[in-house]
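Me: Could you walk me through some helix packing and salt bridges here? I'd like the cut-offs along the way.

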Amino acid sequence: MRRISVLLMAMTISVSMNAQKITYPKTPKDGTVDDYFGVKVADPYRWLENDTSAETAAWVEAENKVTSAYLNKIPQRVKLKERLKAAANYEKISAPSEHNGKWYFTKNDGLQNQSVIYVMDKLGVTPRVFLDPNKLSSDGTVALKGLYVSNNGKYAAYAISRSGSDWQEFFVLDAKTGELLPDHIEWAKFSGAAWQGDGFFYSAYDAPTQGKEFSNVNEAQKIYYHKMGTPQSEDVLFYQNPVFPKQFYSVSVNREETVMFLYESGAGAGNNLYVRDLRVPNSQFIQMTSDMDYQYIPIDVIGNKIYLLTNYGAPKNRIMVAEIGNPGLNDWKELVPEQESVLEDVTMVSGKMVLTYSMDASNHAFVYNLDGKQLHEIALPSVGSVGFYGRKELKECFYTFTSFTVPGTIYQYDIDKNESTLYKAPKVNFNLDAYESHQLFFKSKDGTRIPMFLTYKKGLKRNGKNPVYLYGYGGFNVSLPPSFSSMRIPFLENGGIYVQVNLRGGSEYGEEWHLAGTKMQKQNVFDDFIGAAEYLIAEKYTSKEKIAIVGGSNGGLLVGACMTQRPDLFRVAIPEVGVMDMLRYHKFTIGWNWASDYGTSEDSREMFEYLRAYSPLHNLKPGTAYPATLVTTADHDDRVVPAHSFKFAATLQECHQGDNPVLIRIDSKAGHGGGKPMSKVIEEQADIYGFIMYHLGMKCK
């Protein structure tokens, strides 16, 4: 392996943008071969899984050198970066939320790396800064993951992550003075802070092996209770389940501190739920459910009633009510039955409920009373997405509305009068009226009707020549509703069409839609995405030479699978932080948690064969001309470890034939994407959009 760093230095790159001739780093192979049910599968770049080795570091440096040289010579990039920066430079604000009589919200002045938390003593007064994450690091790579105000109003715990990692640290402020207290928690992950009295519960793992913090499997999550003013070493172990080390455990406590819930997840698409009555001394948890294939989400507790949102017995979700004294699933009562549309969210407001439904991937909202009777619909500004904030004892209610052509806009809602009043609208420096968005439906390979949204500049001509940015996800019950991103503006300004496809595997039409894109039906997701491209071509929106496909994480898998199955159909491919090795994904960090959607290569011969048939890494074929490809990943991605992208890029460069560049961009001090500072976002998007626009023949005016 010592030869690697020497071999990596043998590379050159020309400066001609007509056809940049690239000599890629020569990536050595080892002799690794795995045996799956008697089938031998070579994994010659296994050494790249060691993300802390000197050899891997040398490979990363060499690949980034080639990629940077190419991207920096793209003519559009400099102007594009300035336009992206200008488009992003507008105030972004969240709806306010109430804690102990004070109102908290986040605001970004425009180009701040991280949004700042403000507090108001009451609505309408001048806010003051409560916590500025930009002061936690010089480069903006420390991100705020959550703020948790204690129920007694004395403290505010906040969680941070460093360089994009999923690892969390907790700190605590005096909520009245803003003073930073000495309390400090490390190695928490996928955790909030659930306050009870002068302390809080959190979920954490044992400290990982040094050098393996971002790759080793995360096992045996534990719940601890931290008492204010004490060191973490004295935190009390509250709950663990060593029988099932590959599961997640967490608790929540209601504001009144009368009820505690215990959540168990990771072995299915849902969770198990337990409840404990804190009003009863020495009470124990009572198991409410016993099937992690379904979701059981407490909405609120009123008196002895627990209101729950669930897809148990209702693929499109319903509301049920349980009694604290008799909480078993068989004794739950249905309050609001399953509807034709998918019930996505329920918010308690002033003794009523606001129910948010998804209809063909966009939101509608209705007010119900606590008896389950619909009172009226809430008139939303247009087709788009909405998120409500309210409390059962407060009259104040806010919602944030967004669409492809409307940045996040906040309204205050009077639930008694059924009236919305504009609270805060962002002032942007581009003309949103110049664009339009509409929804189309097409039939996938098996005849299933699939929706997609198109956004473009008004006056577009269907002449088969329009550049298309085709985006999808298709997994883990995640929906893709209408949303706004200033990063799309330069692409749209220069004649591009942004297309967002609602693939199977998401939650757009309920659990059946989700399951139709999982395990032995995962190919449906890729067929849907390929079908979207073929439909756009058939309808003269675009052509094969004008389509870029983009997706991240599970969407990176989507792009990787589609570009290997149909390399002829796309001009550009951008697989971002993707799951590319479907035979080994479950062996890193929390990859085991994805088995409910994917299955694993260890399940059965049949499952192994199915995974291998679409795994992007294992379907790259020597001598094939692949689209112009920019793989992206980051050194601190401990969600989808960078080894996926490393091995895929090395194999792609080995197999690819033709003039299209096949590059990998490896960011530093960055992770899976969450909390990335604005400066890094703009740099990355300038590279991605620059690569796309150059290869689609677009200019940046």
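Me: At what angle do helix α2 and helix α10 pack?

Reply: Happy to help! This is a predicted model, where local features need pLDDT of at least 70, side-chain atom pairs count only at pLDDT 80 or more, and totals for chains, interfaces and linings use all residues. Residues are numbered from 1 along each chain as its sequence is written, and side-chain values use heavy atoms, leaving out hydrogens and water. With helices taken as DSSP runs (H or I, at least four residues) and axes as lines fitted to C-alpha atoms over the stretch in contact, angles running from 0 to 180 degrees between N-to-C directions, α2 (residues 54-71) and α10 (residues 643-655) have axes 12 Å apart and pack at an angle of about 60 degrees.

Me: Which residues of α10 make the contact with α2?

Reply: Contact means heavy atoms within 4.5 Å. From α2 come Thr56, Trp59, Val60 and Glu63, and they meet, on α10, Phe646, Ala650 and Gln653.

Me: Is Lys107 buried or exposed?

Reply: Lys107 pairs with Asp109 in a salt bridge (3.7 Å, N to O), a term for a side-chain nitrogen of Lys or Arg within 4 Å of a carboxyl oxygen of Asp or Glu. Buried means under 20% relative accessible area, exposed over 50%, and partly exposed in between (1.4 Å probe, protein chains only). Lys107 has a relative accessible area of 18%, so it is buried.

Me: How many salt bridges does the count come to?

Reply: One of them joins Arg612 and Glu609 (3.2 Å, N to O). Another links Glu684 with Lys676, at 3.1 Å between the closest N and O atoms. By this rule, the count comes to 48.

Note on methods
Helix = DSSP H or I, 4+ residues; strand = E, 2+ residues; numbered from the N terminus.
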